[in-house]
Amino acid sequence: MSAQPEPALLHSEEEEALRAAVRDLLTDHCDPAGVIARSESAAVHDVPLWKALSDAMGLAGLLIPEELGGQGASHRETAVVLEELGRAVAPVPYLTSAVVATEALLACGADDLLGELASAATVAVLAVGLHVAPGGAFASVRLEDGTLHGELTGIADASAADVLLVPADDGGLYAVRTADATVVPQVSLDPTRPVARVTLDGATGRRLGDAGPAVRRALRTGAGLLASEQLGLADRLLTETVRHLKERRQFNRQVGGFQALKHRLARLWLEVAGLRAAARNAADALATGADTDVAVAVAQAHAARVAVHAAEEALQLHGGIGMTWEHPVHLYLKRAKADSIAYGTAGAHREALAALVDLPAP
């Protein structure tokens with residue numbers, strides 16, 4: 001029996017170059033004030049930013065093979081992009097379309113739709129609730145006389161989608177044009193990743209393949225790469241909090257010099273470092289196929305707590321300014337809390353991990 005290769009947790013030069021390019025773009029086109037303004041408007045998604053990422057940079061097709069017009073890259077490069085999007089809390093449907101929907105389409109072999117996604121002509125969304133964990137039960141609609149009927153709730157980024165990938169009760173996954181469905185926004189804690197109720201009343205759809213394996217693959221990849229988004233968010237919050245405490249003075253002293261605050265920041269730094277290793281391991285496992293289920297469960301069992309803790313510490317340590325609507329820390333806290341239940345809670349992933357390593361609860 002051959003030994004499994006060691007996971008490669010360090011970034012390559014190409015990955016670092018990709019990071020720099022994405023960060024430069026987001027610095028120029030995704031400033032915090034702009035994100036806050038969008039979160040208060042009806043047009044939450046930043047369409048020009050999405051076009052720059054998906055069309056100009058070709059990032060929507062990272063996971064799509066080159067013969068279909070994509071980049072033929074791996075989950076490692078995709079994780080780098082998601083890290084940077086997490087740092088900016090960017091309101092774009094990258095995780096839902098370029099990752100989750102793309103993986104479902106790859107599982108079904110839907111080459112024509114994959115080509116549309118790679119060319120940035122189409123945004124697709126898997127019509128499964130954002131809360132559903134990999135391997136978890138998911139709702140489906142009824143197939144009657146060749147048309148689809150039913151309601152699905154908690155569908156992330158449905159308002160930005162051109163195509164919905166809808167599970168039906170015959171076990172199939174159907175492609176439905178959003179124009180043939182009714183999409184009604186639902187209240188979401190995270191205004192930068194809106195969710196919606198999707199209603200189908202006699203909609204026509206094209207059967208792409210079996211829903212079960214496609215949804216499982218899509219949600220597993222979504223959960224694994226969500227950890228990179230949570231890492232980017234936590235790392236940005238730690239960096240900004242340290243910067244703020246170095247600049248702020250109290251009692252004629254630099255606030256960052258107080259011993260109690262140093263200890264809190266040191267503990268948070270260790271947590272973020274641990275998340276970096278777990279998220280990178282999950283991305284590498286998705287790319288190589290080695291112990292993927294375990295790596296994804298480990299990353300998500302750890303990621304939510306770190307991201308939420310980083311946001312809570314940032315809010316407190318920024319003092320009064322952190323409590324204002326004008327400061328972006330509230331966006332990070334909302335994204336961190338929403339991500340903590342996306343693609344399964346930490347508890348659900350711990351239970352999955354216990355089963356995977358044969359360690360039952362007492």
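A cavity here is a set of grid points where a 1.4 Å probe fits but cannot get out. The model searched for such spaces is a predicted one. The count comes to 2 cavities of 30 Å³ or more. The largest cavity holds about 70 Å³ of space.

Which residues line the largest cavity? Thr96, Val100, Val125, Leu126, Val128, Gly129, Leu130, Ala156, Leu219 and Tyr343 do. Two elements, α5 and β1 (124-126), each give two or more residues to this lining. Its makeup by class is 8 nonpolar and 2 polar residues, with no charged ones.

The second largest cavity encloses about 40 Å³. Around this space stand Leu82, Leu85, Ala90, Val92, Tyr94, Leu95, Arg193, Glu229 and Arg335. Here the elements giving two or more residues are α4 (75-88) and α5. The lining of the second largest cavity has 6 nonpolar residues, no polar ones and 3 charged. So α5 is named for the largest cavity and again for the second largest, by the rule that a lining residue has an atom within 4 Å of a point.

Now follow α5 to a helix partner. Helix α5 spans residues 94-108, and helix α7 spans residues 211-247. Their axes come within 8 Å and cross at roughly 150°. Angles over 145 degrees count as roughly antiparallel, so α5 is roughly antiparallel to α7. The crossing of these two helices is right-handed. On the α5 side, the contact is made by Leu95, Val99, Val100, Glu103, Ala104, Leu106, Ala107 and Cys108. On the α7 side, Ala214, Arg217, Ala218, Thr221, Gly222, Leu225, Leu226 and Glu229 take part. By class, this contact of α5 with α7 has 11 nonpolar, 2 polar and 3 charged residues.

Some of these residues also appear at the cavities. Val100 belongs to the contact with α7 and to the lining of the largest cavity. Leu95 and Glu229 are in that contact too, and both line the second largest cavity.

From α7, move on to helix α9, residues 292-317. How do α7 and α9 lie relative to each other, parallel or antiparallel? Their axes are 8 Å apart and the packing angle is about 25°. Angles under 35 degrees count as roughly parallel, and α7 and α9 are therefore roughly parallel to each other. Their crossing is left-handed. The contact of α7 with α9 divides into 17 nonpolar, 6 polar and 2 charged residues.

The last step leads from α9 to helix α10, residues 329-339. The axes of α9 and α10 come within 8 Å, crossing at roughly 155°. At that angle α9 and α10 are therefore roughly antiparallel to each other. The crossing of α9 and α10 is left-handed. From α9, the residues in contact are Ala307, Val308, Ala311, Glu312, Ala314 and Leu315. From α10, they are Val329, Tyr332, Leu333, Ala336 and Lys337. This contact has 9 nonpolar residues, no polar ones and 2 charged. Helix α10 also includes position 335 within its range of residues 329-339, and Arg335 lines the second largest cavity.

Notes: Residues numbered from 1 in each chain as written. Predicted model: local features only at pLDDT ≥ 70, side-chain atom pairs only at ≥ 80, totals over all residues. Heavy atoms only, no water. Axes fitted to C-alpha atoms, helices over the stretch in contact; angles between N-to-C directions. Helix = DSSP H or I, 4+ residues; strand = E, 2+ residues; numbered from the N terminus. Parallel < 35°, antiparallel > 145°, perpendicular 65-115°, else oblique. Left-handed = near helix turned anticlockwise from the far one by under 90°. Contact = heavy atoms within 4.5 Å. Nonpolar A, V, L, I, M, F, W, Y, C, P; charged D, E, K, R; others polar. 1 Å grid on protein atoms, 1.4 Å probe; cavity = no way out; pocket = protein on both sides within 12 Å on 5 of 7 lines; lining within 4 Å. Points joined across faces, edges and corners; volume = space filled by probe spheres on them.
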